[in-house]
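Please find below a colleague's note on the model, set out as numbered points. The remarks concern one helix and two pockets.

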Amino acid sequence: MRGRVRNFGLEELRNRIEALTKEDRDAFFKEATNTLGNAVMGKARELTPVGDYSDRFPPYNNVVGGTLRDSWKMTPVEKSGNVYLVKVQNPVEYASYVNYGHKQNVGQFIPPYRKRAKKPFIKGQYMLEKAEMQTNPQAKALLLPITQKYLKKVFEDGK
């Protein structure tokens with residue numbers, strides 16, 4: 001069986017897509033990357049534990065937690081070749097210990113708690129990794145409005 005394929009405006013569509021300027025494409029990818037980065041950062045902030053210092057002895061029990069949670073930052077979008085990159089990071093000095101876990105010396109005295117360490121390893125919370133995994137399934141929904149906005153330029157008449 002033999003069929004015919006007709007070109008119903010595909011050439012015009014191709015010309016319109018190619019007419020999108022490099023700046024339009026850069027703006028699209030930067031906005032998309034920024035949107036995904038913000039989603040990951042927001043989820044990481046949500047998953048970050050807040051310190052509970054109520055069981056400490058004075059003056060350490062008056063400390064208010066939340067420094068780690070409030071310190072999540074995102075770098076501006078950078079382009080390297082065809083790759084758009086944004087980094088979600090937490091600059092607090094102990095962030096990696098909370099995220100990945102850490103060793104401690106069993107029997108070492110911890111002054112704020114007035115207790116000795118009992119476990120050789122404290123498990124990590126993996127906030128950033130969990131945030132990334134939880135954001136991945138939502139990526140399509142997050143990017144759809146941005147994609148529609150830029151595709152609207154392609155399909156508008158008079159461009």
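**Notes on α6 and the pockets**

1. Helix α6 comprises 17 residues and spans 24 Å between its first and last C-alpha, close to the 24 Å expected at 1.5 Å a residue. The model is a predicted one, and the remarks that follow should be read accordingly.

2. The helix α6 is nevertheless kinked, by about 30°, with the kink centred on P145. Its buried residues include I146, Y150 and V154, together with A139.

3. Two of these buried residues of α6, Y150 and V154, also belong to the lining of the second largest pocket, alongside I17, L20, D24, R25, F28, F29, T147 and L151. At least two lining residues come from each of α2 (22-47) and α6 (139-155).

4. The second largest pocket encloses about 160 Å³. By class, its lining has seven nonpolar residues, one polar and two charged.

5. The largest pocket has a volume of about 870 Å³. Its lining consists of 27 residues, of which R56, V98, H102, Y113 and I122 are the closest to the centre.

6. Helices α3 (67-70) and α4 (95-100) and strands β7 (115-116) and β8 (121-123) each contribute at least two residues to the lining of the largest pocket. This lining divides into 12 nonpolar, seven polar and eight charged residues.

Conventions: Residues numbered from 1 in each chain as written. Predicted model: local features only at pLDDT ≥ 70, side-chain atom pairs only at ≥ 80, totals over all residues. Heavy atoms only, no water. 1 Å grid on protein atoms, 1.4 Å probe; cavity = no way out; pocket = protein on both sides within 12 Å on 5 of 7 lines; lining within 4 Å. Points joined across faces, edges and corners; volume = space filled by probe spheres on them. Helix = DSSP H or I, 4+ residues; strand = E, 2+ residues; numbered from the N terminus. Nonpolar A, V, L, I, M, F, W, Y, C, P; charged D, E, K, R; others polar. Expected span 1.5 Å × (residues − 1). Bend = angle between axes of the 7 residues up to and from the residue. Buried < 20%, exposed > 50% of the residue type's maximum accessible area, 1.4 Å probe, protein only.
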